[in-house]
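Welcome, and thanks for coming along. Let's walk through this structure together, one neighbourhood at a time.

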Amino acid sequence: MSKSIFEKEIGKGNDVSIYALTGGPVAGKSSLELLFTEALLCRNYDVVWIKESATEIITSGVKPFNGITDPIEFQRILFKMQYFKEELYRTMKRNSDRKLVVICDRGLLDAKAYMSDDEWQSILRDENKSEIEILSRYRAIIHMVTAANGAKEAFEKSRADNPARSKDETCEVAIALDEKIKSAYIGHNEIYYIGNETDFEGKKQKALHVFLSCVGEPIPSQHQEKIIIKKPTYEYLLNKKAQRRNIIQVYLKSNGKEERRIRMMGDGNNFVYYLTKKAIGNYNDYIEKSISKDIYDALMLEMDMERRPIIKDRWYFSEGDTYYNLDIYPNWEKYAVLEIRGSREDVGAKLPVGIEEVKNVTGDIKYSNYSLSKDFIPEDKILF
């Protein structure tokens, strides 16, 4: 029997995943290169570490200020170089049949923190790219929070020991830049903030555990809280500077032991497409790949006709060092679903200010999208 389109796509070898490692000044990103690389190599992955492009450009003699070009042209050059390097390694011909992990020391969206929204949009137009397309390149975002926020002594020592750092780079300036970089990536499905609650070695280990969970290794650090809440107002979400995505999720025929689904996600103008294979009831056991619209359309022929498509608006926003996904379903007028994702030691029912919990449904399979696609729970049954 010939393989289905889904099986052919999910079974393609030489998988490549790109991760963005970002954060504010003096966050500890560079210290993770050897740690991440060794952890992946001993688990039989191929690894490419893309060095920070801005440093490469500046040390070549092109500086954003008082140099041979202006700040916005510098950002255009940076965008082109970063995109080129990511594509070069993503599409290179390989002899290895191992999975390739590409880790970027800063991603394409970092540039957004250094310019106005109009300037950023002009770069996207010139490069014929959309923001949702850029975000979808990355499997996950790991944000190392600046030491200025929670480890001030370490920040001041690093600044004193590094003559290249400006005297004007105060804790306040570093924290403000850290927040701008956080905002630049809001809208991505998976962002993890690695704060300064422990010593630096603890911070590195937390980053490693979160990263290995994202890659799919059996590290018991990734966890997800799912909470039914009272639906917030549109004004509340705007005040949070939340990013909205329209999602249509279609389930395909399966053997009953796994979810097979395709997803279309868009911002109203641009769309990206994914397929996912996931063990039922096990968040950590899944494979997800981006696909073309043609493949998405073809896979619609494998739709499970006993399940309805899941249609929802997903809003992404952050508060402090916590990242939230908020799903609003057209079937519910009063309630919504809030997801909080992170490590087991720091994720609990940590609700954003102004949000009221109705029911914690973490681990309740009835509230999984897979179950809702067959038996959508009406609002008047949620409290029972």
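Let's begin just after helix H8, where glycine 187 takes a positive phi of about 120°. Keep in mind as you look that this is a predicted model. Stepping back into H8 itself, you will find residues 171–185, and the end C-alpha atoms are 22 Å apart, which agrees with the 21 Å that 15 residues should span at 1.5 Å a residue. Buried in H8 are Cys171, Ala174, Leu177, Asp178, Ile181, Lys182, Ala184 and Tyr185. Viewed down the helix axis, these buried residues fall within an arc of 155°, so they line one face of H8. A general point helps here: an α-helix has 3.6 residues a turn, so residues three or four places apart point the same way.

From that face we can move into the nonpolar interior. The largest nonpolar core has 36 residues, and the members touching the most others are Phe79, Val102, Leu109, Trp120, Tyr138 and Tyr185. H8 gives this core its largest share, four residues. A separate, second core holds 23 residues, among them Tyr19, Ala27, Ala207 and Cys214. Take a closer look at tyrosine 185: beyond its neighbours within four places in sequence, it is in contact with Thr22, Gly107, Leu108, Leu109, Asp110, Leu135, Ile141, Ile191 and Tyr323.

Our next stop is helix H4. Its 21 residues, 71–91, reach 30 Å from the first C-alpha to the last, close to the 30 Å expected at 1.5 Å a residue. At the N-terminal end, aspartate 70 acts as a cap, with a side-chain oxygen 3.1 Å from the backbone nitrogen of isoleucine 72. The buried residues of H4 are Ile72, Phe74, Gln75, Leu78, Phe79, Gln82, Lys85, Glu86 and Glu87. What do they pack against? Their partners are strands E1 (16–23), E2 and E3 (100–105), together with helices H3 (53–59), H5 (117–126) and H6 (131–135).

Serine 53, in helix H3, gives a close-up of a meeting with H4 residues. With a relative accessible area of 1%, serine 53 is buried. Its side chain is joined to that of lysine 85 by a polar contact of 2.8 Å. Leaving out residues up to four places away in sequence, serine 53 touches Leu78, Met81, Gln82 and Lys85.

Strand E2 (residues 46–50) brings us to another polar side chain, that of aspartate 46. Is aspartate 46 buried or exposed? It counts as buried, because its relative accessible area is 14%, and the cut-off for that label is under 20%. A polar contact of 2.7 Å links the side chains of aspartate 46 and arginine 98. Setting aside residues up to four places away in sequence, aspartate 46 touches Arg94, Ser96, Arg98, Lys99, Leu100 and Val101.

Finally, a word on the cysteines. How many disulfides does a search of the whole structure find? It finds zero, and two examples show the spacing involved. Cysteine 42 has its closest cysteine sulfur in cysteine 214, 17 Å away, so the pair is too far apart for a bond. For cysteine 104, the closest cysteine sulfur is likewise in cysteine 214, at 14 Å, and that is too far for a bond. The surroundings of the two contrast: cysteine 42 is exposed, with a relative accessible area of 60%, whereas cysteine 104 is buried, at 0%.

Conventions: Residues numbered from 1 in each chain as written. Predicted model: local features only at pLDDT ≥ 70, side-chain atom pairs only at ≥ 80, totals over all residues. Heavy atoms only, no water. Helix = DSSP H or I, 4+ residues; strand = E, 2+ residues; numbered from the N terminus. Buried < 20%, exposed > 50% of the residue type's maximum accessible area, 1.4 Å probe, protein only. Polar contact = N/O pair within 3.5 Å; in protein donor to acceptor, adjacent residues only side chain to side chain. Contact = heavy atoms within 4.5 Å. Disulfide = S-S within 2.5 Å. Expected span 1.5 Å × (residues − 1). Arc of directions from axis to C-beta. Core = buried A, V, L, I, M, F, W, Y, C linked by side-chain atoms within 4.5 Å.
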